[in-house]
Amino acid sequence: MAQDDWGCAVRRTILEQFPAGDPRGSWAAEEFAAARRGEGLAVEVVMSLEQDAFLVVVPQQTADAGR
């Protein structure tokens, strides 16, 4: 589980993933994210090195980790 800048655990729901090796790079992920934002969802595009993909995620704050 990822942590934010304040040390809080962040759980993310993955809506879609796009291969990092795509000739258009992150454009497809950014276009998908823009469409979701137009629907009112707070989404962001992140790079997963483990999956070698751009992920469109909905971040969800969870309880403080280790506090």
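This report describes the fold, the nonpolar core and two buried residues of a predicted model.

## Overall fold

In this predicted model, the protein chain contains 1 helix and 4 strands, and these elements follow the pattern β-β-α-β-β when read along the sequence. Of the 67 residues in the protein chain, 28% count as buried, while the chain exposes about 4,600 Å², of which carbon and sulfur atoms supply 52%.

Contacts in the protein chain can also be viewed by sequence separation: among those between residues at least 6 apart in sequence, 56% join residues at least 24 apart.

## Nonpolar core and aromatic features

The largest nonpolar core has 8 residues in all, namely Phe18, Ala28, Ala29, Ala33, Val43, Phe54, Val56 and Val58. Helix H1 (27-38) and strand E4 each supply at least two residues of this core.

Val56, one of the core residues, touches a long list of partners once residues up to four places away in sequence are set aside: Thr13, Ile14, Leu15, Glu16, Phe18, Ala29, Phe32, Ala33, Val43, Glu44 and Val45. Phe32, which is among the residues that Val56 touches, also has the charged end of Arg36 over its ring, at 4.4 Å from the ring centre. As for pairing between aromatic rings, the structure holds 1 aromatic pair.

## Ala53 at the beginning of strand E4

Ala53 lies in strand E4, which covers residues 53-64. Because its relative accessibility is 3%, and buried means under 20%, Ala53 counts as buried.

Leaving aside neighbours within four places in sequence, Ala53 is in contact with Gln17, Phe18, Pro19, Ala20, Val46, Met47 and Ser48. Among these partners, Phe18 is 35 residues from Ala53 in sequence, yet the two C-alpha atoms are 5.4 Å apart in space. Phe18 is itself a member of the largest nonpolar core, and Phe18 is also touched by Val56.

## Ser48 in strand E3

Ser48, one of the contact partners of Ala53, has its place in strand E3, which covers residues 44-48. With a relative accessibility of 12%, Ser48 falls under the 20% limit and therefore counts as buried.

Not counting residues up to four places away in sequence, Ser48 touches Ala53 and Leu55. In addition, the side chain of Ser48 reaches the backbone nitrogen of Gln51 at a distance of 3.1 Å. Ser48 of strand E3 and Ala53 of strand E4 are thus two buried residues that touch one another.

Notes. Residues are numbered from 1 along each chain as its sequence is written. This is a predicted model: local features need pLDDT of at least 70, side-chain atom pairs count only at pLDDT 80 or more; totals for chains, interfaces and linings use all residues. Side-chain values use heavy atoms; hydrogens and water are left out. Buried means under 20% relative accessible area, exposed over 50%, partly exposed in between (1.4 Å probe, protein chains only). Contact means heavy atoms within 4.5 Å. A polar contact is a pair of N or O atoms within 3.5 Å; within protein, one must be able to donate a hydrogen and the other to accept it, and residues adjacent in sequence count only if both atoms are side-chain atoms. Accessible areas come from the Shrake-Rupley method with a 1.4 Å probe; for residues, only the protein chains shown count as cover. Rings of Phe, Tyr and Trp (its six-membered ring) pair if their centres lie within 6.5 Å; planes under 30 degrees apart count as stacked, over 60 as edge-to-face and the rest as tilted. A charge sits over a ring if NZ of Lys or CZ of Arg is within 6 Å of the ring centre and within 35 degrees of the ring normal. A nonpolar core is a set of buried Ala, Val, Leu, Ile, Met, Phe, Trp, Tyr and Cys residues joined through side-chain atoms within 4.5 Å.
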